[in-house]
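This report is meant for a reader who is new to the structure, and it turns to the ligand before moving on to contacts within the protein.

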Amino acid sequence: MIALPVPPRLMEPTTEVEVSFLVGSAADCLQRGTSSEWVTAASEDFAAYVAARRGVQTRWEVPSSILWYVAGPYYLGSLVIRHELTPVLAEAGGHIGYHVVSPWVRQGHATRMLAAGLVEAGRIGLQRVLLTCGIENEASRRVILANAGVPDGQARGEDRFWIDL
Ligand SMILES: CC(C)(COP(=O)(O)OP(=O)(O)OC[C@H]1O[C@@H](n2cnc3c(N)ncnc32)[C@H](O)[C@@H]1OP(=O)(O)O)[C@@H](O)C(=O)NCCC(=O)NCCS
């Protein structure tokens, strides 16, 4: 595995990791068998792609912050914090979502990225957060449990967990 030059940290999307973001995301699409059209579009004007994702933006019908997990020149993954819940998000989706791009999985990054994301959620003013994961998603369940997630049943095919901040 690649040795990281500095510990990763959450930050707003930045053009400084353009190559790593695009290559990692393209690898991720190939690995997961999903369309990479959005990666092509991002590569055509990366500055615009980044600018559209900085700051608080309305996504999922609520104010949301997108953060990237970055170590020096390397982009490892993304975490989104939804500042509020809609009735749908209150069932499944929750406050926080995340992914680690495939070259960086199974190295503990998601577990540590969520820990850092919980600090950010506290800064936003949230006192407890809802996280949900597909009932087959063992990796994500472990990430949530390692961050003190307390199970709260299932909805829409997802396991639900609350984390007090
Ligand atoms: C889920 C995901 C974020 C995990 O990222 P990661 O960086 O590999 O996670 P970690 O390295 O912190 O591993 C967390 C735990 O899951 C386990 N794990 C990781 N990948 C796994 C897999 N494919 N199958 C089973 N367990 C797995 C790890 O061994 C670790 O277990 P441990 O805490 O008992 O040691 C990543 O696989 C991903 O981005 N998946 C697609 C998007 C997604 O599912 N997001 C979550 C939506 S709820």
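Which of the 18 residues around the ligand come nearest? In this predicted model, they are Arg-106, Gly-108, Thr-111, Asn-137 and Arg-142.

## The shell around the ligand

Four elements, namely strand S5 (96-100), helix H5 (109-124), strand S6 (128-134) and helix H6 (138-146), each supply at least two residues of the shell around the ligand. The largest share comes from H6, which gives four residues.

Sorted by class, the shell around the ligand has eight polar, seven nonpolar and three charged residues.

## Polar contacts and burial

Backbone atoms of the protein also take part in contacts with the ligand: a polar backbone atom of Tyr-98 is 2.8 Å from a nitrogen atom of the ligand, while a backbone N or O atom of Val-100 lies 2.9 Å from an oxygen atom of the ligand. For Gln-107, a polar backbone atom is 3.3 Å from an oxygen atom of the ligand.

The ligand, taken alone, exposes 930 Å², and the protein buries 68% of that. The space that the ligand takes is the largest pocket.

## Salt bridges

Side chains of opposite charge can pair when their charged atoms come close. A search of the whole structure finds eight salt bridges, and in one salt bridge the side chains of Glu-12 and Arg-54 meet at 3.4 Å, N to O. Because Glu-12 lies in the loop between strand S1 (9-11) and helix H1 (18-32), and Arg-54 in the loop between helix H3 (46-51) and strand S2 (56-59), the pair ties together parts that are 42 residues apart in sequence.

Note on methods
Residues are numbered from 1 along each chain as its sequence is written. This is a predicted model: local features need pLDDT of at least 70, side-chain atom pairs count only at pLDDT 80 or more; totals for chains, interfaces and linings use all residues. Side-chain values use heavy atoms; hydrogens and water are left out. A residue is near a molecule or strand if one of its heavy atoms lies within 4 Å of it. A polar contact is a pair of N or O atoms within 3.5 Å; within protein, one must be able to donate a hydrogen and the other to accept it, and residues adjacent in sequence count only if both atoms are side-chain atoms. Accessible areas come from the Shrake-Rupley method with a 1.4 Å probe; for residues, only the protein chains shown count as cover. On a 1 Å grid over the protein atoms alone, a cavity is a set of points where a 1.4 Å probe fits but cannot get out, and a pocket is an open set with protein on both sides within 12 Å along at least five of seven lines; lining residues have an atom within 4 Å of a point. A molecule sits in a cavity or pocket if more than half of its atoms lie within 2 Å of its grid points. Ala, Val, Leu, Ile, Met, Phe, Trp, Tyr, Cys and Pro count as nonpolar, Asp, Glu, Lys and Arg as charged, and the others, Gly among them, as polar. A salt bridge is a side-chain nitrogen of Lys or Arg within 4 Å of a carboxyl oxygen of Asp or Glu.
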